[in-house]
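Dear colleague,

I am passing on the structure below, followed by an account of what was found in it. Please read the notes with the model open beside you.

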Amino acid sequence: MVGTAQPDSGTDGVTGGVGATALLVAAARAVETCRDDSLAQDVYAEHFVRAAPASAGWPLRIEDVPDGDANPLWGRFARYFGLRTRVLDDWLLRSVRSGARQVVLLGAGLDARAFRLAWPEGRTLFEVDRERVLGFKHEVLDGLAATPKVRRVPVPVDLRDDWVGALGAAGFDPAVPTAWLAEGLLFYLPPAAESRLMDTVHRLSAAGSTLAFEIKVEKNLHAYRDSPLYRATEHEIGIDLLTLFDGGPRPDSPADLAGRGWTVEVRSPFDFTHRFGRGPLPEPENDALEGNRWVFAEKPAR
């Protein structure tokens with residue numbers, strides 16, 4: 001079980017706290033989708049944003065932003081989320097094509113990968129998140145008559161509760177290779193909860209399983225209080241990310257996994273900017289993205 005501090009204000013479960021960040025990422029995916037040089041396509045994202053009162057007035061195209069790509073939030077930060085979406089899309093598809101039979105999205109939020117990616121036959125995708133968040137997503141997708149392209153199993157449970165039991169009851173098989181994704185989740189967990197999550201994923205992962213997650217390596221997140229990116233996010237849409245992130249000393253999860261026998265690769269998002277030729281580049285001062293790392297791990301056969 002993971003004990004998390006997941007603030008959530010608002011009656012629909014997606015209008016405040018971590019729920020609001022799910023809408024932020026959906027809006028970023030919508031902006032990315034409509035770019036001429038789009039890295040990722042998510043035709044469902046804008047419908048989530050429009051359906052929630054808190055985000056109904058947010059821009060969904062870069063042309064709707066007065067300062068365009070110069071805007072720290074809808075330009076650089078949204079492009080970061082677009083890049084992250086593309087990289088993790090590619091990683092998931094490689095994982096299932098290489099043998100993973102199950103996918104588990106931890107803190108799935110408004111993820112629509114079950115509906116928009118070309119999944120191989122015979123795979124199962126589990127979406128683990130709070131009942132209200134999944135209910136909101138179902139309502140929007142049902143209204144669009146969206147059809148999943150994979151066997152999709154929602155698992156409505158808070159990660160502070162017995163999500164392992166709920167996942168097992170939903171049909172998860174720990175003997176089957178699994179692709180685990182914790183996208184944008186660990187920032188919000190207390191350090192001990194992150195360590196428990198890694199322990200649990202390791203315990204439930206058969207040989208050949210894979211895991212991807214995002215971390216920050218800064219020692220003091222609040223040193224970035226005046227970052228243009230964080231200031232713009234708070235000023236323009238009222239989300240103070242630094243109050244949501246857990247500020248405790250972080251465990252070295254990549255090293256812990258390597259010590260358990262996993263093969264681990266840690267990459268900077270800027271590596272992928274250079275690979276694709278588009279995406280955020282480092283800024284010379286007070287760069288809120290400089291400590292972000294994307295971690296890709298595989299549990300090899302014994």
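The buried residues of α11 are covered by elements that include α3, β6 (263–267) and β7 (292–298), where covering rests on contact, meaning heavy atoms within 4.5 Å, and where helices (H or I, at least four residues) and strands (E, at least two) are DSSP runs numbered from the N terminus. Helix α11 spans residues 269–276, and P269, F270, F272, T273 and F276 are buried in it; buried means under 20% relative accessible area, exposed over 50%, and partly exposed in between, with a 1.4 Å probe and protein chains only. Seen down the axis of α11, these buried residues fall within an arc of 155°, so they line one face of the helix, the arc being that of the directions from the helix axis to the C-beta atoms. The face of α11 turned away from this buried side carries the exposed residues H274 and R275. After α11 comes G277, whose phi is positive, near 80°.

This is a predicted model, in which local features need pLDDT of at least 70 and side-chain atom pairs count only at pLDDT 80 or more, whereas totals for chains, interfaces and linings use all residues. Residues are numbered from 1 along each chain as its sequence is written, and side-chain values use heavy atoms, with hydrogens and water left out.

Turning to the interior, the largest nonpolar core has 72 residues, and those with the most contacts inside it are L24, F48, W58, W74, F77 and W119; such a core is a set of buried Ala, Val, Leu, Ile, Met, Phe, Trp, Tyr and Cys residues joined through side-chain atoms within 4.5 Å. Helix α3 (residues 72–97) supplies the largest share of this core, 13 residues. Apart from it lies another core, of 29 residues, with F126, W163, V201 and W262 among them.

A polar residue is also found inside: Q102, in strand β1 (residues 102–106), is buried, with a relative accessible area of 5%. The side chains of Q102 and T178 are joined by a polar contact of 2.8 Å, that is, a pair of N or O atoms within 3.5 Å, of which, within protein, one must be able to donate a hydrogen and the other to accept it, while residues adjacent in sequence count only if both atoms are side-chain atoms.

Finally, N286, in the loop between α11 and β7, has a positive phi of about 50° although it is not a glycine, and at 29% relative accessibility N286 counts as partly exposed.

With best wishes
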